[in-house]
Protein chains: 2
Amino acid sequence: VKIDKTSVVPIYFQLKTLIQERMASGEYPVGLCLPSEREYCEEYGISRMTVRQAIIDLVNEGLLRRERGKGTFVAQPKIEQELQVLTSFTEEMKRRNMQPGTQLIHMVICPATGHVARQLGLKDGESVYEIVRLRMADDEPMAIETAYLPIANLPNLTEEKVATGSLYEVMRESGHEIARATQTLEATLAKATEATKLNIKNKGPVLLIERTTYTSGGQAIEFVKSVYRGDRYKFAIDLRS
Amino acid sequence: VKIDKTSVVPIYFQLKTLIQERMASGEYPVGLCLPSEREYCEEYGISRMTVRQAIIDLVNEGLLRRERGKGTFVAQPKIEQELQVLTSFTEEMKRRNMQPGTQLIHMVICPATGHVARQLGLKDGESVYEIVRLRMADDEPMAIETAYLPIANLPNLTEEKVATGSLYEVMRESGHEIARATQTLEATLAKATEATKLNIKNKGPVLLIERTTYTSGGQAIEFVKSVYRGDRYKFAIDLRS
């Protein structure tokens, strides 16, 4: 791949493509420190502005990552998670041979109100567990999950069970068969407290996912709000007409 | 709904719930200017910090919107689009009784490179249409779509056809049957040029959606990168175990 100054394709875009090709081919492996802007300028006889635009785009797209005073590095590719499959975070991480980790931030019993009560089909004020957990993959924080579960369904839920594994597993052990879920996805910005826990910048991009899970009896058993790191996650889906 | 100062639920969260309930009940309709922070403080005997935290959360979640010097308003609810259905933007807007609009930003023939070539199963340098369109609903900009189509499949594509309607319709008219698509979703930040076109803040949250569409013959006929406004869009999906 070369830079063709006579092409209709903008030069910054050609440079982006060239860098992406080198990442795809393995010439630029994950973690590599990229040549400096000056080196690209000299190698291709192009302006610093042009190089900068290509690099900034790739940083914003999450393919490169900048470390202040150190340089620009090839970022880890985002984890691509299949949307259609109804799995838990723990199961999903095991499937891709990553080490799932969970840090329990808090677990309390509180009254369900508003949106949470509606999603769970409860009356305002009925008791739910509120369980906030930081989910990790290979020791890297990936998502903050806030789960609400009617206590009537799982009267003996302990912090220990919650801290170590999948809530879906706990539900199954308690005799609840998971049948289906509805899920919404939104793009939003990390709040300061979320950014700190996820080890990302304040107001960095995150995916907000809300999921309500139903048992085979049609009862809502869990409502979860998850905040996934936008720089580390993408979701995939197949569509048929 | 009242504020209960003895509850384990934080007061700011109770106020958030209260405001959301009023939005749900119609007491706070879309476009309403909210009471001032001071009014909430006096009505419930709570601190300004507490009121501010509730309002900021709701603004960040897209339920309220702030206009400098004017006040805080009830925002339009996000458009919730079904993810599993393989429709075009035009068809989707018609289905929900919104007026679809398209503004053609540019249409050029250029060589496919890198990721685009790979997605379309083309050799590097083969010609594609690059079509950038601003998609609107009821005159409000919603998304920027950049579509790449191998020219061999649609040799007579005109700016007029592209500017007025659905590319899927054009494909069908040309005898291509659309069978399936693969799609990925990511959260990212709007670039300055995108933000201007979408009429949102620079670095506002956006959903980046990449879709590759295949014909019944298994040929990739279109690769589209879409940037959807995070403040106006959410995507929904049903899952079965």
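What follows is a conversation about reading strands, cores and cysteines in a predicted model.

Biologist: Let's start with strands. Is strand S9 of chain B, residues 220-229, enclosed or out in the open, and why?

Modeller: As general background, side chains in a regular strand alternate between the two faces of the sheet. Here, nine of the 10 residues of S9(B) are buried, so the strand is largely enclosed by the rest of the structure.

Biologist: Which strands pair with S9(B), and in what sense?

Modeller: Strand S6(B), residues 140-150, runs antiparallel to S9(B) and is joined to it over six bridges. In that pairing you'll find Ala143(B) opposite Tyr228(B). Strand S8(B), residues 205-215, is also antiparallel to S9(B), over nine bridges. There, Thr213(B) faces Glu222(B).

Biologist: What should I look at in the hairpin of S8(B) and S9(B)?

Modeller: Go to the four residues between the strands, and check Gly218(B): its phi is positive, near 90°.

Biologist: Now the core. Which residues touch the most other members of the largest nonpolar core?

Modeller: That core has 68 residues, and the top spots go to Ile131 and Leu185 of chain A together with Ile131 and Leu185 of chain B. Leaving aside residues up to four places away in sequence, Ile131(B) touches, among others, Leu104(B), Met107(B), Leu149(B), Leu157(B), Val162(B) and Leu167(B). Polar residues turn up around Ile131(B) too, including His106(B), Glu145(B) and Thr146(B). Apart from the largest core there's another, of 17 residues, which includes Tyr40(B), Val51(B), Ala54(B) and Val74(B).

Biologist: What about Glu145 in chain A: is Glu145(A) buried or exposed?

Modeller: Buried, with a relative accessible area of 10%. Glu145(A) belongs to strand S6(A), residues 140-150. Its side chain makes a polar contact of 3.0 Å with that of Arg135(A). Beyond four places in sequence, Glu145(A) also touches residues such as Phe89(A), Ile131(A), Val224(A), Lys225(A) and Tyr228(A).

Biologist: My usual worry is cysteines. How many disulfides are there over all chains?

Modeller: The general idea first: a disulfide is a covalent bond between the sulfur atoms of two cysteines. In this model the count over all chains is zero.

Biologist: Why is Cys33(A) not bonded to the closest cysteine?

Modeller: The closest cysteine sulfur, in Cys41(A), is 16 Å from that of Cys33(A), so it's too far for a bond. In chain B, Cys33(B) is in no disulfide either, and the nearest cysteine sulfur, that of Cys41(B), is 16 Å away.

Biologist: And how accessible are Cys33(A) and Cys33(B)?

Modeller: Cys33(A) is partly exposed at 38% relative accessible area, and Cys33(B) is partly exposed at 39%.

Terms used. Residues numbered from 1 in each chain as written. Chains lettered and ligands numbered in written order. Predicted model: local features only at pLDDT ≥ 70, side-chain atom pairs only at ≥ 80, totals over all residues. Heavy atoms only, no water. Buried < 20%, exposed > 50% of the residue type's maximum accessible area, 1.4 Å probe, protein only. Helix = DSSP H or I, 4+ residues; strand = E, 2+ residues; numbered from the N terminus. Pairing = 2+ DSSP bridges. Core = buried A, V, L, I, M, F, W, Y, C linked by side-chain atoms within 4.5 Å. Contact = heavy atoms within 4.5 Å. Disulfide = S-S within 2.5 Å. Polar contact = N/O pair within 3.5 Å; in protein donor to acceptor, adjacent residues only side chain to side chain.
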